[in-house]
Amino acid sequence: MFQGQRGWFCGSVGRELRQFWVAEGGSISDPRAADFLFSCDASHPDTLRIYQSLDYIEDNATVFHAYYLSAVANTEIKNSVALGHFILPPACLQK
């Protein structure tokens, strides 16, 4: 499902979700080269660095909640999960 896609994973993302990404054909990369940025915690230092990056500030990067991968893993039709429902905004915007 993720063949040829590169993902960056915050330290808040569990090993099992990273393994699922790779098992489905994705590769793990640094945030600058990634097609997808995943986090489980908007206040984690790794994710905060993304939010403070020029790419994020200039709207060239989006952080997604890694539970997207769980949702994909638990559905029968892998392409049916809408990624847009899993955007992870900075903690200050969640309140």
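Two strands are taken to pair if DSSP finds at least two bridges between them. With that criterion in hand, the tour of this predicted model can begin at the sheet.

**Stop 1: strand β1 and its first neighbour**

Select residues 6–9, which form strand β1, together with residues 27–28, which form strand β2. These two strands run parallel and are joined by 2 bridges. Display G7 and I28: I28 in β2 is the bridge partner of G7. To follow the chain between the two strands, add helix α1, residues 15–23. The path leads from β1 through α1 to β2, and this β-α-β crossover is right-handed.

**Stop 2: the other side of β1**

Next, select strand β3, residues 36–39. β3 runs parallel to β1, and 3 bridges join them. Keep G7 displayed and add F36, the residue in β3 that stands opposite G7.

**Stop 3: β3, β4 and the whole sheet**

Now extend the selection to β4, residues 63–65. β3 and β4 are connected by 3 bridges, again in the parallel sense. Two residue pairs may be labelled here: F38 has F64 in β4 as its bridge partner, and S39 has H65 in β4. With the 4 strands shown together, the order β2-β1-β3-β4 can be read across an open sheet with parallel pairing. Why is one side of β2 and of β4 left without a neighbour in the sheet? Both strands stand at the edges and each has a single partner strand, so one side of each remains unpaired.

**Stop 4: F9 in strand β1**

Return to strand β1 and select F9. Is F9 buried or exposed? Its relative accessible area is 6%, under the 20% cut-off, and F9 is therefore buried. Leaving aside residues up to four places away in sequence, F9 touches R18, W21, I28, F38 and L69. For a distance check, pick the C-alpha atoms of F9 and S27: they lie 11 Å apart in space, with the two positions 18 residues apart in sequence numbering.

**Stop 5: A23 in helix α1**

Move to helix α1 and select A23. A23 has a relative accessible area of 64%, which is over the 50% cut-off, so A23 is exposed. A23 and C40 are 17 residues apart in sequence, and their C-alpha atoms are 20 Å apart in space.

**Stop 6: T47 in helix α2**

Select helix α2, residues 45–51, and then T47 within that helix. T47 is buried, because its relative accessible area is 0%. Which residues does T47 touch, not counting residues up to four places away in sequence? They are W8, C10, S39, D41, A42 and V63.

**Stop 7: the largest pocket**

Finally, turn to the empty space. Rolling a probe the size of a water molecule over the atoms shows where such space is left. The largest pocket holds about 180 Å³. It is lined by 13 residues, and those closest to its centre are P31, L37, D55, N60 and A61. Colouring the lining of the largest pocket by class gives 7 nonpolar, 3 polar and 3 charged residues.

How values were computed:
Residues numbered from 1 in each chain as written. Predicted model: local features only at pLDDT ≥ 70, side-chain atom pairs only at ≥ 80, totals over all residues. Heavy atoms only, no water. 1 Å grid on protein atoms, 1.4 Å probe; cavity = no way out; pocket = protein on both sides within 12 Å on 5 of 7 lines; lining within 4 Å. Points joined across faces, edges and corners; volume = space filled by probe spheres on them. Nonpolar A, V, L, I, M, F, W, Y, C, P; charged D, E, K, R; others polar. Buried < 20%, exposed > 50% of the residue type's maximum accessible area, 1.4 Å probe, protein only. Contact = heavy atoms within 4.5 Å. Right-handed = clockwise from strand over helix to strand, strands pointing away.
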